[in-house]
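Before you read on, please open the sequence and the coordinates side by side. The points below are meant as a guide for a colleague coming to them without prior acquaintance.

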Amino acid sequence: MQIFHNPVHEKHAGRQEMFRGKLVPCHETPARLEYVLEALRQRGIGDLRAPSAADIALIKRVHTPRYVDFLASAWQEWVALDPANAGLDVLPSIWPVRGFRHDVEPTNFAARVGLFSFDSGCPLTAGTWEAALAGAACAIDAARAVSATSGKHAAMALTRPPGHHAGPDFFGGYCFLNNAALAAQALREAGAARVAIVDVDYHHGNGTQSIFYERADVLTVSVHGDPTTEYPFYLGYADERGQGAGADCNLNLPLPAGTGFADWTRALKQGLAAVRAFKADAVVVALGVDTYEGDPISRFKLKSADYLQVGRLLAGLDLPAVFTMEGGYAVADVGTNVANVLEGYAG
Ligand code: SP5
Ligand code: ZN
C-alpha cells in the first residue's frame, strides 16, 4: 500500500484547547503520527512517500474559496494584530449562531475566526496552514495513485491535523481541511462515477456529511457515538439522510457510549451493505481509532486486536480504497491500532 506521509505535520502543534472553562493540553498532538510511522516501519507495512504540491483549485471545489483564503492568511493576520501573538494560538471566542448573518465578512479578526469555525477546542497555530495543506496533498495524491492503478488498489494519507469535522467553510474538532472529502473529490475527478466515504472515527463526520449532503455522487456513511451525548452533538442523528439530489446518500449509524466490538461490527456491516447497494466505484475510509477502549476522550470499547478484523471487513468491499487518518488519542496505542487495520486490510 502506498502511504503518503505528511512531512510537515508537526508544524501544526496546538498548545491548548478549551474544556470546562479551562485551557487544557491539546489531545491532537504530533506524537500521534510518529507512533503510527514507527509501527508501520517496525512491521514493514506500506511504501512511504512524500506528497507533491497541493492542488489548491481542487481544495477550493470542496471548501469555499473565502474559507481557504482565510486559513492561508489567518496566522499572518493574527500576528499583525500584535507581535506578541506569535507566542499564542488562535482560539475562537465568538460565533454567529441562529439569526446572525453568515453572508457578511467582518474585517475584525476574531469575528472572522468565529465565522469560519464551530468550537473552541481547535487551536490554529503558526504552522497549521502549512501542515493542513500538505495533508490535503497527501489525500489528493493517495486518491490519484489509486485511480491510476486498476483493480483493488489502496493508498493512505497518513497525516494530521485530521479532517472529517471540517466543513465547506469551517474548522473545528481538530480539523481544518477535510482530507476524506478531498480524496473523494479527487477520485470523482479521476473518473470514479460514484464514491462512498465510510467514517469509522468515534465522532460523527459532520464536516464530510455537510460537504456532500446535497450530492448524489458521493455516499457518506458514519458509525459513531450517539450525538445525544457525544461530540459534535448537533449533527450525526439517524434521521439525516441527505437532501435534494443527495436524498438517501447519507447514512448515520449512531451507537451509545459504551458500545463494544460486536455491536459496533453490526453497524459497520450495515454501512458496508449501503456502500455495496450504492454501487460505489471507490471508497474512502476516514480512519479514526478513537473507538479504542483506551481512548481518553471517547467511549467505545474496541480492543487492539479488533482492528485487524476492521481491516478485513473493509477489504471485503473489494473496491479501490483511500484511507485518511482521523482521530485516536491513546497516543502510544494509535500506531498499533492503525497498523492492525492496514494489516487486516492487506489480508
Ligand atoms: C478528529 C477528532 O476525533 N476530533 C475530535 C474532537 C473532539 N473535541 C472535543 C473533545 C472534548 C474532550 N475533552 C475531554 C477532556 C478530558 N480531559
Ligand atoms: Zn474522533
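**Notes on the predicted model**

1. Not counting residues up to four places away in sequence, Val 322 touches Ala 142, Ala 143, Val 146, Ala 155, Ala 157, Ala 183, Leu 187 and Val 284. The model is a predicted one, and this is to be borne in mind throughout the points that follow.

2. Val 322 also has a place in a wider grouping: within the largest nonpolar core, which holds 107 residues, Ala 142, Ala 183 and Val 322 are those that touch the most other members. Helix H5, which spans residues 128-147, supplies the largest share of this core, namely 14 residues. As a general background, nonpolar side chains in soluble globular proteins tend to be buried together.

3. How many of the residues of helix H6 are buried? Helix H6 covers residues 179-189, and 10 of its 11 residues are buried, so the helix is largely enclosed by the rest of the structure. The buried residues run from Asn 179 through Ala 180, Ala 181, Leu 182, Ala 183, Ala 184, Gln 185, Ala 186 and Leu 187 to Arg 188. After H6 comes Gly 191, which has a positive phi near 125 degrees.

4. Strand S9, made up of residues 282-287, is mostly covered, with 6 of its 6 residues buried. Its two faces can be told apart by their residues: Ala 282, Val 284 and Ala 286 lie on one side, while Val 283, Val 285 and Leu 287 lie on the other, and both sides are covered.

5. Which strands pair with S9? Strand S6 (residues 195-199) runs parallel to S9 and is joined to it by 5 bridges, with Val 283 of S9 as the bridge partner of Ala 196. Strand S10 (residues 321-325) likewise pairs with S9 in the parallel sense, over 5 bridges, and here Val 285 stands opposite Phe 323. Helix H9 (residues 306-315) also belongs to this part of the model, since S9, H9 and S10 make a right-handed β-α-β unit.

6. Val 275, a residue of helix H8 (residues 261-278), has 21 C-beta neighbours inside 10 Å and therefore counts as buried. Leaving aside neighbours within four places in sequence, Val 275 is in contact with Ala 196, Val 198, Leu 219, Val 221, Ala 280, Val 283 and Leu 317. From C-alpha to C-alpha, Val 275 and Ile 197 are 8.4 Å apart in space, although 78 residues separate them in sequence.

7. Is Ala 154 in strand S5 buried or exposed? Ala 154 counts as buried because it has 24 C-beta neighbours inside 10 Å. Its contacts, again leaving aside neighbours within four places in sequence, are Met 1, Val 146, Ala 321, Phe 323 and Tyr 345. Ala 154 and Gly 335, by comparison, are 181 residues apart in sequence and 19 Å apart in space, C-alpha to C-alpha.

8. Some backbone geometry deserves a careful look, given that most residues other than glycine have a negative phi, and most peptide bonds are trans. The bond that joins Arg 160 and Pro 161 is cis, with omega about 0 degrees, and Pro 161 is found in the loop between strand S5 (154-158) and H6. The peptide bond from Tyr 231 to Pro 232 is cis as well, its omega being near 10 degrees, and Pro 232 is found in the loop between strand S7 (218-225) and strand S8 (250-255).

9. Where do the positive phi values of Asp 248 and Asp 318 occur? Asp 248, with phi of about 65 degrees, lies in the loop between S7 and S8, and it counts as partly exposed because it has 13 C-beta neighbours inside 10 Å. Asp 318, with phi near 60 degrees, is placed in the loop between H9 and S10, and this residue is exposed, with 10 other C-beta atoms within 10 Å.

10. Finally, there is the surrounding of ligand 1, where Pro 162, Gly 173, Tyr 231, Ile 297 and Gly 327 come nearest among the 16 residues around it. The shell around ligand 1 divides into 7 nonpolar, 6 polar and 3 charged residues. Tyr 231, one of those that come nearest to the ligand, also takes part in the cis peptide bond to Pro 232.

How values were computed: Residues numbered from 1 in each chain as written. Chains lettered and ligands numbered in written order. Predicted model: local features only at pLDDT ≥ 70, side-chain atom pairs only at ≥ 80, totals over all residues. Near = placed C-beta within 6 Å. Nonpolar A, V, L, I, M, F, W, Y, C, P; charged D, E, K, R; others polar. Buried ≥ 20, exposed ≤ 12 C-beta atoms within 10 Å, placed from the backbone. Helix = DSSP H or I, 4+ residues; strand = E, 2+ residues; numbered from the N terminus. Pairing = 2+ DSSP bridges. Right-handed = clockwise from strand over helix to strand, strands pointing away. Core = buried A, V, L, I, M, F, W, Y, C linked by C-beta atoms within 7 Å. Contact = placed C-beta atoms within 7 Å.
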